[in-house]
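Biologist: Before I rely on any label attached to this protein, I would like to hear the reasoning behind it. Could we go through the labels one at a time?

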Amino acid sequence: MTVKTHLELVILYFLILACFTHRCKSLCRFSSSENLRDGEIKGMFVFGSSLVDNGNNNFLDTKAKADYLPYGIDFPNGSSGRFTNGKNVVDLLGEQLKLPSLIPPFMDPATKGSRIVEGVNHASGSAGILDDTGSVAGNATSMNQQIKNFEEVTLPDLEAQLGCTSSESLPNYIFVIGIGGNDYVFNYFLRKTFLTVGLERFTSYLISSLSKQLENLYNLGARKFVLTTAYPIGSSPMVNLNQPNCGPCSQALNVAAAVYNIHLKSLVEDIKLRMPGSNFVVVNTYDIVKDIIDNPTSKGFSDTTNACCEVKSAEQGGTGVSCERGGQVCADRNSHVYFDGLHPSEAVNIQIATKAYASNLGSEVYPINVKQLAEL
């Protein structure tokens with residue numbers, strides 16, 4: 001054996017040893033055999049409330065469900081647990097990112113093994129940043145519990161499927177967080193917390209809690225985040241259904257949402273200093289939806305105030321939010337801003353997802369759009 005051959009064998013030995021010791025990136029299934037291109041995202045992990053839930057509440061004991069018609073009336077698979085007539089924002093954003101399939105809900109027993117490699121949706125209808133927000137409707141999965149489920153169940157399964165650690169794989173995924181509005185609707189106002197806690201103080205507590213949750217995800221390996229602002233909840237049909245002609249009610253809810261959104265933007269500017277290598281997109285769903293409500297005709301809408309489906313108020317024995325099971329539904333769903341008492345129609349979701357992905361307006365996405373985030 002020559003000295004050169006001996007040296008080559010020694011180098012090969014140490015390379016193999018390094019791979020088994022540190023689980024080098026070549027063992028990551030999608031970073032070698034699938035060869036992700038620049039700007040190509042492997043998948044999405046989703047956290048939040050009903051605006052991004054795609055079926056988790058089907059498996060929970062809660063009143064916040066959308067697994068019956070007319071929900072899903074325009075969805076390819078029918079009623080799936082999405083709180084709209086068709087696709088939600090996450091589905092549509094996945095299409096923009098050219099993901100091969102819809103993201104499966106965590107609570108579905110079939111969501112395991114190879115089904116999770118493009119991501120998992122942990123969102124739960126009526127959930128909030130605070131643990132007790134969703135209890136008004138039953139057994140919602142809070143944001144803290146969603147992250148715990150991700151850490152203890154999804155992540156180990158993902159590492160086993162991909163053959164590498166989360167620090168190697170998760171930078172190739174986008175983490176979508178759509179949460180915050182319920183903490184005002186079902187906590188601050190419904191429970192009359194506002195009588196003892198000021199809006200700024202409550203919002204600061206919410207943002208502080210969300211900051212810790214984002215840092216937890218970062219410490220698990222997340223690097224690319226998409227955050228949605230609170231919607232203009234005071235403009236939803238729910239308010240007029242449950243509190244007819246109550247202008248101050250609508251105004252108070254929208255002011256609360258606006259205050260939260262200001263704090264959310266400040267959080268993103270601050271948290272990057274504590275999370276090196278992280279990147280964020282804030283999708284200003286408040287302004288996008290409010291612009292549609294204020295200028296409906298130019299956006300292709302004609303009804304900005306009524307739910308497309310039949311919704312009963314609290315006085316009528318309903319919630320002011322959910323569609324009546326098997327109830328009436330409007331014929332032209334693309335012309336309605338709201339499908340039920342709170343959630344936007346697929347037509348609105350399309351506009352939100354399209355702007356989130358490609359808008360260059362700072363009033364709609366900040367500081368970059370999702371397409372630019374994917375290319376980082």
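Modeller: What follows takes up the disulfides, the burial of their cysteines, a pocket and one helix, and the model in question is a predicted one.

Biologist: What makes Cys246 and Cys249 a disulfide?

Modeller: A disulfide is called where two cysteine sulfur atoms lie within 2.5 Å; the sulfur atoms of Cys246 and Cys249 are 1.9 Å apart, so the pair meets the cut-off. The angle about their S-S bond is 70°, and the link is right-handed.

Biologist: Why is Cys249 called partly exposed?

Modeller: The relative accessibility of Cys249 is 24%, and because partly exposed covers the range between under 20% and over 50%, Cys249 counts as partly exposed.

Biologist: How do you know that Cys308 and Cys330 form a disulfide?

Modeller: The same reasoning serves, since the cut-off is 2.5 Å and the sulfur atoms of Cys308 and Cys330 are 1.9 Å apart. With -95° about the S-S bond, this link is left-handed. Both Cys308 and Cys330 lie in the loop between β6 (303-307) and β7 (336-338), so the pair ties together parts that are 22 residues apart in sequence.

Biologist: Why are Cys308 and Cys330 each called buried or exposed?

Modeller: Buried requires a relative accessible area under 20%; Cys308 has 6% and counts as buried, and Cys330, at 14%, counts as buried too.

Biologist: What makes Cys309 and Cys323 a disulfide?

Modeller: Their sulfur atoms are 2.0 Å apart, which again satisfies the limit of 2.5 Å. The link is left-handed, with -90° about the S-S bond, and its two cysteines, 14 residues apart, are both in the loop between β6 and β7. Cys309, at 5%, is buried, and Cys323, at 2%, counts as buried as well. By this rule the count comes to three disulfides.

Biologist: Which residues lie nearest the centre of the largest pocket, and what lines it?

Modeller: Its lining has 28 residues, with Val185, Phe186, Leu190, Met238 and Asn242 nearest the centre. Two or more lining residues come from each of α6 (181-189), α8 (237-242) and α9 (247-271), and α6 gives the largest share, four residues. By class, 17 are nonpolar, nine polar and two charged, and the volume is about 740 Å³.

Biologist: How do you know that the span of helix α12 is close to the one expected?

Modeller: Helix α12 (residues 346-358) has 13 residues and reaches 18 Å from first C-alpha to last, close to the expected 18 Å at 1.5 Å a residue. Its buried residues include Val348, Ile352 and Tyr357.

Definitions and conventions: Residues are numbered from 1 along each chain as its sequence is written. This is a predicted model: local features need pLDDT of at least 70, side-chain atom pairs count only at pLDDT 80 or more; totals for chains, interfaces and linings use all residues. Side-chain values use heavy atoms; hydrogens and water are left out. The expected span of a helix is 1.5 Å times one less than its number of residues. Buried means under 20% relative accessible area, exposed over 50%, partly exposed in between (1.4 Å probe, protein chains only). On a 1 Å grid over the protein atoms alone, a cavity is a set of points where a 1.4 Å probe fits but cannot get out, and a pocket is an open set with protein on both sides within 12 Å along at least five of seven lines; lining residues have an atom within 4 Å of a point. Grid points are joined across faces, edges and corners, and a volume is the space filled by probe spheres set on the points. Ala, Val, Leu, Ile, Met, Phe, Trp, Tyr, Cys and Pro count as nonpolar, Asp, Glu, Lys and Arg as charged, and the others, Gly among them, as polar.
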